[in-house]
Amino acid sequence: MSGRRSRRKGHDWEREVARRLRKIFGPQVRRGLQYQDGSDAPDVIVPCFYVECKVGARPPIIRALEQAEKNARPGLWPVAICKQDKQKPTVTM
């Protein structure tokens, strides 16, 4: 898969996660990098959580959770939401 296509797939997954979480947490949920600069911004901004999203043939679940743990500010729970191609998503805390 080309790098461009892979990035697009990741962005599409982040938008889908934001849409699903917005139904639960309300309109304050949005994609992180659209609104903030810097690599320490979560993929999806959700109250109380620092959300990292990964999608692909073999998404690195543990690495995603470690990234969330490393970057989460105090008071935010690190969460990794990963989706293997053609499978249901997995949420790891």
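**Isoleucine 81 and the core around helix α1**

Leaving aside neighbours within four places in sequence, isoleucine 81 is in contact with Trp13, Val17, Leu21, Val51, Glu52, Cys53, Lys54, Thr90 and Val91. The model is a predicted one, and this residue makes a handy way into it.

Ile81 belongs to the largest nonpolar core, which has 11 residues. Its companions there are Trp13, Val17, Ala18, Leu21, Val29, Val44, Val46, Val51, Cys53 and Val79. At least two residues of this core come from each of α1, β2, β3 and β4, with α1 giving the most, at four residues. As a general matter, nonpolar side chains tend to be buried together in soluble globular proteins.

Now for the helix itself. Helix α1 takes in residues 3–25, and at 1.5 Å a residue its 23 residues should span 33 Å; the end C-alpha atoms turn out to be 32 Å apart, so the two agree. Buried along α1 are Gly10, Trp13, Glu14, Val17, Ala18 and Leu21. The cover over these buried residues includes β1 (30–31), β2 (44–46), β3 (49–56), β4 (77–84) and β5 (89–92). After α1 comes glycine 26, with a positive phi near 100°.

Back to Val91, one of the contacts of Ile81. Valine 91 sits in strand β5, and it counts as exposed because its relative accessible area is 53%, where the cut-off for exposed is over 50%. Together with Trp77 and Met93, Val91 makes a nonpolar surface patch of about 370 Å².

How values were computed:
Residues are numbered from 1 along each chain as its sequence is written. This is a predicted model: local features need pLDDT of at least 70, side-chain atom pairs count only at pLDDT 80 or more; totals for chains, interfaces and linings use all residues. Side-chain values use heavy atoms; hydrogens and water are left out. The expected span of a helix is 1.5 Å times one less than its number of residues. Buried means under 20% relative accessible area, exposed over 50%, partly exposed in between (1.4 Å probe, protein chains only). Contact means heavy atoms within 4.5 Å. Patches are made of residues with over 30% relative accessible area and no salt bridge: like charges are joined within 9 Å, nonpolar side chains (Val, Leu, Ile, Met, Phe, Trp, Tyr) within 5 Å. Accessible areas come from the Shrake-Rupley method with a 1.4 Å probe; for residues, only the protein chains shown count as cover. A salt bridge is a side-chain nitrogen of Lys or Arg within 4 Å of a carboxyl oxygen of Asp or Glu. A nonpolar core is a set of buried Ala, Val, Leu, Ile, Met, Phe, Trp, Tyr and Cys residues joined through side-chain atoms within 4.5 Å.
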